[in-house]
Amino acid sequence: MTAVEERLHPSPGPPGKDSARRPKKAVAADDGVILQVRGLRKVYEVEDEKVVALGKISLQIKKGEICCILGTSGSGKSTLLNIMAGLEKPTRGHVIIAGREVTAMSEKELAVFRRQNIGFIFQSYNLMPQDTALENVAMPLVFKGVPKKEREARAKKMLARVGLKGRMKHRPSQMSGGQQQRVGIARAFISQPPVVFADEPTGNLDSHTTTEVMEMIVRMARRYHETLIIVTHDGDIARYADRIVRLVDGAIVSDTENVSVVPREEPETVDQPAQTQSKRTKPLADSKQGQNQTKG
Amino acid sequence: MNDIKKARPAGKSPPARRNRNPGHSSPSKAHRPDKGMTRRDTILMCIKNLCRRKVRTILTVSGVIIGTCAITVMVSLGLGMQKTLEETLAQLGDLTIINIYNYGTSTEQPLNDEMLDTIRLQDGVVAVTPVYNTYASRWGNYTFSNGKYTYDGQIVGVDFDALRSMGYTFVEGDFPTGENGYEGVFVIGQDSLYSYTDKKGNYVQQTTKADGSPSDPPVNVMKDKLTLTINKSDQSNTKKQPSFKITCTGILTSDYQRNPSTYGVFMDIHYVKSLEKEYNKYNGVKVDKNKVEAYDNVVVKVQSMGDVQEVEDYIKSFGYNTNSMESVRKPIQDQANQQQMILGSLGAISLFVAALSITNTMVMSVYERTREIGVMKVLGCSLSDIRGVFLMEAGTIGFTGGVIGVGISYIVSFIINHYGGMGGDSGGMLGMASIGGSSIIPFWLALGAIAFATLVGLLSGFSPANRAVKISALSAIKQE
């Protein structure tokens, strides 16, 4: 709760600012831009043969933007995501997140940087099999050294938000795919990182659950005014984004703005679940799910 | 709450905190110093992981238990041997005594008072006394008498001050205090109490009293008035025999292990020398003035067994012959050390095998958890924390095995001491038959064994932990 307040206090009403700046294409380094990709190139060498995974990619993503990187398999979208998240080193080029050059960091610095600035949602959830939902969600806070009491309180709140209040003590094996991914979402957002990456977040889910999960991810990002970068091959998923970047053979072929199916909410409602709830009803496919969440 | 703190102008030096966490992008995050995982969480995670694979953990810990137990019991047997050995050697005589023999040793440095002073200054030397024996050439030069019975046995010239520190015990009395000088005072060995002759020259035999106790000595040295008379070397000497009043201050308890032995009469070396002059004067013996005065036998007492070798070597460097228990002790000790080495090695081998099994367990664990480790890395777990978790797991295996192993060792030790080695010398193993089976586990051994087992665990876990650190976050999460 305090964390949310803290986040909002320093810059009241950032979405307004953002939208005001939207039309401008050229943006200064700290002018609402949270992530910059400059001249990124990645070449893999496979048995003396060079495979260009990424050509020369340049990209700027603004704070609070929900950006979908859309591409078929082999388009280089996953490589781009990995490089942006600092999991892979580019052959050339720079990635700057929150004013810090990710591509120039050592492994050690990256670990600290990631836990403070980046959230991750995986296709295969990647939950710790032996840990309960609660422990899984609290894990990023463990790495930060947050005391148990505090992190469990925060994890409980997060789990409630993703509608898993009754499953806190369940292990991943006792939960459905959709539930597991919701735990994954709670985990990605618990430390409220400025940027959250989602790598095919619905790749292992059926269409019904996909809608559910995507709405949750986007709403969560909106709620905390976080920048969300979704990587997918699924055009349907792209509907949730504010911006769609299409990638073909390691190059950006189009970069268009999109009206998300989950519209931006007013910042005042961010911390009032009741109001959020009322606004949610329209885009929600399953109203029962919504009720569950209110309970949770 | 944290907001309030931050709002205060003189907060807890926020710049320092921010420096520590250069990754902070928003001011809201700067309120908590991010030091990575807490120790408590590391321990919890480690215990959780170990409990997850109970059987494997138990098997690995068992290996360490056996290893620790083997090493502890083996060393404890070695210590038991050492103790028995030292007790046996102590029965043979004082281990800190060095004898210097100078019979006919041609040396440019005579073994005289000056030389004794030199030796006295050597490190580790506690006391030095000449053993100036009248036995060989001066037998019968003097007679002790209470008027009725006479003693004409050996007189040994010694340094009473030195003798005092050599561990002699008394049946009665003590060494002379030296307050009034050492002239005319002596102590007598218990073994010489019956070496008297009557006026006819017959030995007074020790008989048994009616109650079975030995008969009283013919002369009560402590009470009777005694005189020392210088004998004639030639019956034609008509001069009056010089005689001196002498007093006995104590009777030494019989102890044949000692040199000078408790046979004979002990007097101050300078007094004995002056008596000798009297004798020469009385009997007109001409002393060769060119003859260098030198002692035949000198006894040196050193501080501890460890000093013996060095002091002995030092004395030998002057060309004297020496003798000490060291020459007896050393080969026995060497053999004992060798046995201890063999015993220790047996234990070490089993602990080494245990170490391999720890490494194996940890490598397997890292391999199985590749994905988890990758996820941890992606979620921002520090490399040092990942290493910490794995090292702690390995260390915990070592420590737990060590503690249980030492506990079992105490039980084994108890069994060996109470049921093994029955009948004293019989039984035993590996040539310890003569020493018997006794096992000693001092506190330092127990503590050392636990520390060693923990160290072995940590060392074994080192390479697997580094392997875990090197796992690429990317390949870990891709794998499926």
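In this predicted model, E47(A) is found in the loop that links β1 (33-46) to β2 (49-62) of chain A. With a relative accessibility of 75%, E47(A) counts as exposed. Its backbone is also notable: phi of E47(A) is near 50 degrees, a positive value in a residue other than glycine. Most residues other than glycine have a negative phi. D48(A) has its place in the loop between β1 and β2 of chain A, and its phi is positive as well, about 65 degrees, although D48(A) is not a glycine. D48(A) is exposed, with a relative accessible area of 81%.

The two strands on either side of this loop belong to an open sheet of four strands in chain A, ordered β2-β1-β4-β5 and paired in the antiparallel sense. The edges of the sheet are formed by β2 and β5 of chain A, each of which has a single partner strand, so one side of each is left without a neighbour in the sheet. At one of these edges, β4(A) and β5(A) run antiparallel and are joined by two bridges; within this pairing, I97(A) has R100(A) of β5(A) as its bridge partner. Helix α3 (residues 77-84) of chain A lies across β1, β2 and β4 of chain A, and runs at about 120 degrees to β1(A).

From the sheet the account passes to the interior. The largest nonpolar core has 71 residues, and those with the most contacts inside it are L35(A), I69(A), I97(A), F120(A), F143(A) and F197(A). The largest share of this core, seven residues, comes from helix α11 (residues 383-419) of chain B. I69(A) illustrates how such a residue is surrounded. Leaving aside neighbours within four places in sequence, I69(A) is in contact with K77(A), L80(A) and M84(A), with the run I229(A), I230(A), V231(A) and T232(A), and with V245(A) and L247(A).

Helix α4 (residues 107-117) of chain A is another enclosed element. Eight of its eleven residues are buried, so α4(A) is largely enclosed by the rest of the structure. The buried residues are L110(A), A111(A), V112(A), F113(A), R114(A), R115(A), Q116(A) and N117(A). They pack against β4 (92-97), β5 (100-101), β6 (118-121), α5 (133-144) and β7 (195-199) of chain A, together with α10 (370-378) of chain B.

Elsewhere in chain A, two helices lie side by side. The axes of helix α7 (residues 177-189) and helix α8 (residues 207-223) of chain A come within 10 Å and cross at roughly 10 degrees. That makes α7(A) roughly parallel to α8(A). On the α7(A) side the meeting residues are G178(A), Q181(A), R182(A), I185(A) and F189(A), and on the α8(A) side they are T209(A), E212(A), V213(A), M216(A), I217(A), M220(A) and A221(A). An α-helix has 3.6 residues a turn, so residues three or four places apart point the same way.

Chain B offers a strand that is covered on both faces. In strand β8 (residues 185-189) of chain B, five of five residues are buried. V185(B), V187(B) and G189(B) lie on one side, F186(B) and I188(B) on the other. In a regular strand the side chains alternate between the two faces of the sheet. β8(B) pairs in the parallel sense with strand β10 (residues 243-252) of chain B over five bridges, where T247(B) is the bridge partner of V185(B). β8(B) also pairs in the antiparallel sense with strand β11 (residues 265-268) of chain B over three bridges, and here I188(B) is matched with V265(B).

A further position in chain B is V328(B), which lies in helix α9 (residues 326-368) of chain B. V328(B) is partly exposed, with a relative accessible area of 34%. V328(B) and L89(B) are 239 residues apart in sequence, yet their C-alpha atoms are 8.5 Å apart in space. Beyond its neighbours within four places in sequence, V328(B) is in contact with L89(B) and L92(B).

Finally, chain A may be viewed as a whole. Its secondary structure comes to eleven helices and ten strands, and buried residues make up 58% of its 296 residues. Chain A averages a pLDDT of 80, and 79% of the residues score at least 70. Confidence stays under 50 in pLDDT over residues 1-29 of chain A and over residues 266-296 of chain A.

Note on methods. Residues numbered from 1 in each chain as written. Chains lettered and ligands numbered in written order. Heavy atoms only, no water. Core = buried A, V, L, I, M, F, W, Y, C linked by side-chain atoms within 4.5 Å. Buried < 20%, exposed > 50% of the residue type's maximum accessible area, 1.4 Å probe, protein only. Contact = heavy atoms within 4.5 Å. pLDDT = per-residue confidence, 0-100. Pairing = 2+ DSSP bridges. Axes fitted to C-alpha atoms, helices over the stretch in contact; angles between N-to-C directions. Parallel < 35°, antiparallel > 145°, perpendicular 65-115°, else oblique.
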